[in-house]
Each structure stands twice: as structure tokens, then as C-alpha cells.
Amino acid sequence: MKMEEGLVPLTLFVYSLFILLSIFKFSSADDDLINSTQSIADGETLVSSGTSFELGFFSPIGSTNRYLGIWYRSFPQIIVWVANRERPLTDLGGVLIFSSDGNLILLNATKSVIWSSNSSRAIQNSFARLLDSGNLVLGGSRDLNAENSIWQSFDYPSDTLLPGMKLGWNFVSGQNPFLTSWKSAGDPSIGDFTYMIEIVGLTQGVARKGSEKSFRTGAWNGLRFSGISTFRQISVTDNDELIYRPASNSVISRDVLTQSGIIEHHMLSEGSTEWVVIYRTPSNMCDNYGQCGPNGICRMEGTPTCDCLKGFVPKKQSEWDVLVRSSGCVRSTPLNCHNGDGFVKLKNVKLPDLLEFSLNKSMNLKECKAECLKNCSCMAFANSDIRDGGSGCLMWFHDLIDMREFFEENSEQDMYIRMPASLLGLNDVLLYPDHKQSKKRRVLIGKLSSGQEIAVKRLSKNSGQGVEEFKNEIILISKLQHRNLVKLLACCLAGEERMLVGYMSPEYAIDGKFSVKSDVFSFGVLMIEILSGKKNNRYHHPVHYCNLLGHAWMLWNEGKALELLDPCLEDSCIESQVLRCIQIGLLCVQKFPKDRPIMPAVVSMLGNEGLKLAEPKEPGFFLERDSEEMDILSGGKSSHSKNAVTITLPEAR
């Protein structure tokens, strides 16, 4: 009886111990830590200490396959990491255990190894912990964290970049973590796209479809990647690792590489239950790698979106005409390496891809320019670091690929493109807003390397002006001596290049003289042409055969000046303003220079409606013509010389 009484406490102790161990094993899957004697079977989970993340088995949408993965505990449909991506389980028999060397291994129902952490460092008493960052770590201490671990899931990301994760080479561990897309929403195996950090002199992010680049961030310039104004949570360490840090502790965020190759930044605000996509990259055609081909530049705000760099022209114009720009651009004028090459500044750009380049982090910009000029293959240069006024020298050789221009205020990355001396400093500005005019003529303005300001007029091949006419105008303008006209410094007849000169005032056409009012006359003709929608030297009235200036003056005297107005402007103008503009135009084209206002007075007239205007007098070139003369001018008769018009009947323009 006494022995039986002694057995009761022992039996109760063993039973209590059995219950305690059972409870511990059952509850261990709800803890954040397991040791080498424990396991996680399908249906059991490991939960991080802050309950942010959960590890266990899951099946993707539309699939019966089972995978070991990590997800947000509050959003179990959002999987952030998958262990056995390429080897799914086909039943519920999977179990996660520790191997004899301390690694985590995943077994199927037949006890075959499906996946392993595969750490080269063997440990006796292993622990695995799911951190509240979503990182699964393996080590030999119960106080396990990322710093003292021998293996961590953050070194083997799937398609998701979480705060605290690193991409790029870790020179200590030798790891090079990068993102890989899922094959589909129901298949987490490795898909077509990757996103990784490449270190080729400078750090840059590159997305690929297979082996082909699909998107590039541009080189890291000390503050950001030169090709994106997003990814503000990204920073690059001195070890060239990319670290993803949350923008705020009040938000939860993640980046995902989708099955279509898009990098999406998702954010969940504090207290919210809905994730929001803040941005996507690539988000437009200018994000696509090499969108405009070699030596082309992409401008989302421009028309067209693709353009050649200054000093370059389309390599295959026929392809560009049908919006195929992959062939890119070539130089319009060859470089002359030892005869005055210089550089033009290109502001706010995504730096070209680092294909053939040179990097010297100790040089300044002036030294970089000098170094580039020494090498005939150097096509461009820039600071490699834009912090504190800029430092370092980055030089490109041969073609410049994957460039775009930004218009954000914080896009302070500039670079310098090599140009031949003949093209230095030129900057395209359209002369007329009218699309027909802008296709035929442009004005190029800028500075030469000497600092001298220049202006060049350029005609397109369809301007209608031939070589002989062009040469005559060169001779004409070279003889002009007028303080309001640009002195002729040079001309170009190479290929199809032409230069166009403006209006001819009556005092020059008749007497061969220019006055300070000659350009006022030109302005007046232009005003009347714009208001009427007609050209002066091609207009004739069916009754009185006057040119446009004469017709305008006659309508003014008859009180019918509004009949001059182009019908397309009638519904969008104010009559009093139209009449005032016609009157100012007629004042500018008066026959005698002394009667015309000076240009400052014209500006005052246009800007001050209260200013009283004088009555215009007869304009220059006011001639009534008969029908025979008009036939000659319009080409109706075949027996006339090419110079008959300008000799026998002086005309404006």
C-alpha cells in the first residue's frame, strides 16, 4: 500500500511531463524559434515575435502543389519568400527539420530532401528563428539574429525586396542576392525576369528578360541612381551593396518584381488594410532599355519622344519615319580629334550604360575634360559623384546607349557630349510655331568655344530653295552693313545643308541701302501675313492686282480692314485688337524709313492699348499690276528669265 502510494506521485509526474512536452511541441510552431529537436509539418507555422510574418506551407492560387514560404500574417495571400520554388511538394506530407550538420532541410512524404539551407558551416545545436523583418535565420545560439546567423533567407530572395534586404555583392559572404520573378501567379518557380545590382566601376540596377536588358536604373551618382527619381528608400553602401530602407516607420512597404518584368513599390499605411502601388518601373517607353537606339535620347515630355543627340542624325531615316528607332543615330559631322573638338552640356540626364568606359574617382571635371580630349575615342564625360559640387571622372567611348532626359527639379545629373568645332554650342530653337514653317526652317543659337555668340539659320531639304538661290543670298547678306543684322561668319553647302535669310526692305531693293528701319519693315510684313494667313509676294487681288501690303492698305482706307483677317481666326479674336495689330503692321511697312516706328516703339504699341496710333501712309512696294504682269509673277507665261521678277518688278521677300 505504501509502495502504491509512492507510485502515484511518480505516475502523475510522468503524465504531467508528457502533457507538458506535448503542449510545448504543439505551441512551438506558434513561436518564432525552433531548435534541432523540433520540426514544422504541413499545417504548422512559425510566427515572428511581433506577429508581422509567418512561415509555413501554402498552395498558390489555382494550384494544389505545396511550398514552404513566408507571408504577411495579416495578408496570407502575399507571399514574400519561397524555399522550394523549383521542386514543389505534391501532397501534405512535407516537413521542415534539421539535418545532422545543422542545416534546415525540407522532406517530402517519402523522406527525400526537397530543399536545404545548404550552409557550409556545420553546427551541433541549431536554431532557426523568423525575425519580425520577414528574415528566416539559422545559427547556433538561442539569442539568434541576422548578425550572428550562419544562413539567412534574405540572402536568397524570391521576387520580393523587403526593408533591410540587400541586393548586390556582399564581399564578406560572397553572396550576390537578386530578385527573380515568379513564372505565373500560380507557379512560384523562376520566371523570365531578373533584377540585380551590377558593379562595373559604378553600381547600377539592371532588369533582364532572359539575357537581354529590359530596364536600367543608371549609375549610382552618390545620391541616387541617375535614371530614376523614385526608389528613395534605396541606398548604396561603400561595399557596393544596395540596401532597401523604409521611407517611414509608420508604413509597411515592399518591392516586387512581377511576372511581366515590372518593379512595383507597394505601401501599406498604418491602420490601413489595403496595399497601394506607389509607382511602377519601367512605367513608360523611356524606361525601356535602349528605346531610342545608340546615340539617341528619350524625352517623355518631347515630341517626338525619341530624338538624336545634338550633332547626330538618324542612321536610317526611313525607319525613324515609321517610329522604329532601334538603329539609333550617327554623327552628322565627323569629329576632328586634333582640330578644335569641344563639348556641349546635356542637363538632367540618365547617364549612358557602362559598356565601354573609364572611371577615375580622384579627378575633377576640368581634369576629366582634358583627359577626354586626349583620347580620340572618348565621346562624353561626366562627374561620377554629384555630391558637394561634383567629383570623379566618368568617360564613355564609342556609342552612347540608353539615355533619357528628365524635367524634375532634382534631376541634377549633367554630362558633356563631344562635338566637332563646327557644331559647338548650337542649340535648336524653332523659329515659327506654325508646324509647316517649323518643318522647313530652324534657328540654331549658341556659343563657340571662344565664347562668341552665334546664330545660324538652317533649311530642310524640302524648303524649295536651290543651290544657286542659296549662293546668291550668301553673297547678298555678306554685303549687308546694318547694326541690327547678324554678321555672316560662315556658311554650309555640305550635303543638303542650307541657310535661309529673312525679308528685304524697299530701300535696299530699290537703292541698295539698309537703314535702321529695315528690320521694322520685315516685322510689319510678318504681322500682316500672320493676320491674313497669306504670303505677301504670292498674293494678288482679282480686281486691283495689288500685293498683300497694298491690299491691306486699301482695305484700311475703305474702313474694311477686318476683311483682311484669316477666317480661321474669326472666332478666337477681339476685333479691336485685330484692327490695332493691322494698323501697327501698316505703320511698320510704310514706304519711307523715317515714317516707320522704331522697334521699342512697336513693342510699346503692342503692349499699351491706350497709346494713340498714327494713321499709316502708303506702304512700300505698293503697285497696282495688270493681269499680264501677274501671269509673269505667278508663272503663267513660259517666256521669262529666272531673274525677271527681281529686276523688273522689285518685291518684298
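These are my notebook entries on a few helices and one glutamine in this structure.

**Entry 1: the whole protein**

I began by reminding myself that this is a predicted model. I then looked up the overall make-up and found 12 helices and 37 strands. Of the 653 residues in the protein, 45% are buried. I also checked how contacts spread along the sequence: among those between residues at least 6 apart, 51% join residues at least 24 apart.

**Entry 2: α7 against α8**

Next I went to helix α7, residues 518-532. At what angle do the axes of α7 and α8 cross? I found roughly 75°, with the axes coming within 11 Å. Angles from 65 to 115 degrees count as roughly perpendicular, and α7 and α8 are therefore roughly perpendicular to each other. From α7, the contact is made by Phe 521, Val 525, Ile 528, Glu 529 and Ser 532. Helix α8 brings Leu 548, Leu 549 and Ala 552 to it. I sorted the residues of this contact of α7 with α8 by type and got 6 nonpolar, 1 polar and 1 charged.

**Entry 3: α8 against α9**

I stayed with α8, residues 548-557, and turned to its packing with α9, residues 575-588. Here the angle is about 125°, and the axes are 11 Å apart. That makes α8 oblique to α9. I noted the crossing of these two helices, α8 and α9, as left-handed. Which residues make the contact between α8 and α9? On α8 I listed Leu 549, Ala 552, Trp 553 and Trp 556. On α9 I listed Leu 579, Ile 582, Gln 583 and Leu 586. The contact of α8 with α9 divides into 7 nonpolar residues, 1 polar and no charged. Leu 549 and Ala 552 of α8 caught my eye, since I had also written them down for the contact with α7.

**Entry 4: Gln 590**

I followed the chain into the loop between α9 and α10 (599-607), which is where Gln 590 sits. Is Gln 590 buried or exposed? Its relative accessible area is 2%, so I put Gln 590 down as buried; the cut-off for buried is under 20%.

I then asked what the side chain of Gln 590 reaches. One partner is the backbone oxygen of Asp 595, at 2.7 Å. Another is the backbone nitrogen of Lys 617, at 2.8 Å. Leaving out residues up to four places away in sequence, I found that Gln 590 touches Phe 521, Asp 595, Arg 596, Glu 615, Pro 616, Lys 617, Glu 618, Pro 619 and Gly 620. Phe 521 was already in my notes, as one of the α7 residues in the contact with α8.

Conventions: Residues numbered from 1 in each chain as written. Predicted model: local features only at pLDDT ≥ 70, side-chain atom pairs only at ≥ 80, totals over all residues. Heavy atoms only, no water. Axes fitted to C-alpha atoms, helices over the stretch in contact; angles between N-to-C directions. Helix = DSSP H or I, 4+ residues; strand = E, 2+ residues; numbered from the N terminus. Parallel < 35°, antiparallel > 145°, perpendicular 65-115°, else oblique. Left-handed = near helix turned anticlockwise from the far one by under 90°. Contact = heavy atoms within 4.5 Å. Nonpolar A, V, L, I, M, F, W, Y, C, P; charged D, E, K, R; others polar. Buried < 20%, exposed > 50% of the residue type's maximum accessible area, 1.4 Å probe, protein only. Polar contact = N/O pair within 3.5 Å; in protein donor to acceptor, adjacent residues only side chain to side chain.
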